[in-house]
Amino acid sequence: MQTLPDRKAWLQGASANCSSPPHLVAHPRRLVLLGAPGVGKGTQAEMLASKLGACHLSTGDIFRAAKGMQECLQTPALTAALQFMRRGDLVPDETVLSLVSERVKCLKCDGGFLLDGFPRTVAQAEALESLLTKHRIPLDAVVSYDLRIDRIVARLSGRRTCSTCKAVFHVEALPPKIPGICDHCGGGLYQREDDRPESVRVRMQAYETSTAPLADFYQRRGLLRSISAEGTPEEICQRTLEALQAPK
Ligand code: AMP
């Protein structure tokens, strides 16, 4: 299995360099992944990253990495952003956009990219479009994962994440061999603060109001590929790869 890039430049910001950069890719793919929280975007991003060689760039991962930093090392904007995140609210566009702009070298990377969790509002989508145009970076497609709301809530409430390597499990659909322990590195599994029921309700509301309109935004640009997120992660990944090969 190929080793995935460590994404240091994305997670730590402009001054960091990846110590394991992406492999040389003949046809780098530049994709945005859309879908409600819990639809399985993160899992698909990981699978697609290893198949397409592109880096998985999640804005949520930037905030989670910042959460692990000592408070004195966090910028005031990041500390404020983490308060929004804990409640399940969207972080203000201005903060997210400055974090992404600082990391433009990740968008320019020869390995391509899979944006997960960004853009999340029409203002963010417009800003991304300007950033990509300015740097002459083409966007190949926007993959939108669709799933019924009751299935989403079941996925979120059972999700558990490894505190060390960030691998994702599910208490029923993808249980670890030993309850509470990561199969890959032996780290402890935890439930994300924002996967608790009170935060899930806020996140779903934020998704419906702010993020769902992005499907139309990208449909109008001829970039949208809608994929059913029913079935196993492997089935969904296969569907995605087929949709990406399909002519526009
Ligand atoms: P995620 O892992 O993508 O579900 O993101 C976790 C949380 O981080 C979200 O619930 C938001 O609070 C925050 N967040 C991540 N990406 C964005 C974004 N593009 N815009 C606003 N907030 C974001």
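Q: Why are strand 5 and strand 7 said to pair?
A: Two strands pair if DSSP finds at least two bridges between them. In this predicted model, strand 5 (residues 159–162) and strand 7 share two bridges in the antiparallel sense, so the criterion is met. Within strand 7, Tyr-190 is the bridge partner of Thr-161. A strand is a DSSP run (E) of at least two residues, and a helix one (H or I) of at least four.

Q: What makes a strand of the open sheet an edge strand?
A: The sheet is formed by three strands in the order 6-5-7, with antiparallel pairing. Strand 6 (168–170) and strand 7 (189–190) each pair on one side only, and are thus its edge strands.

Q: How do you know that Ser-58 makes a polar contact with Gly-60?
A: A polar contact requires N or O atoms within 3.5 Å, one able to donate a hydrogen and the other to accept it; residues adjacent in sequence count only if both atoms are side-chain atoms. At the start of helix 3, a side-chain oxygen of Ser-58 lies within 3.3 Å of the backbone nitrogen of Gly-60, so the pair satisfies the distance limit.

Q: Why are Thr-59 and Phe-63 called buried?
A: Buried means under 20% relative accessible area (1.4 Å probe, protein chains only). Thr-59, Gly-60, Asp-61, Ile-62, Phe-63 and Ala-66 of helix 3 are buried, so each falls under that limit. Their cover includes helix 1, strand 2 (55–58) and helix 4, where contact means heavy atoms within 4.5 Å.

Conventions: Residues numbered from 1 in each chain as written. Predicted model: local features only at pLDDT ≥ 70, side-chain atom pairs only at ≥ 80, totals over all residues. Heavy atoms only, no water. Buried < 20%, exposed > 50% of the residue type's maximum accessible area, 1.4 Å probe, protein only.
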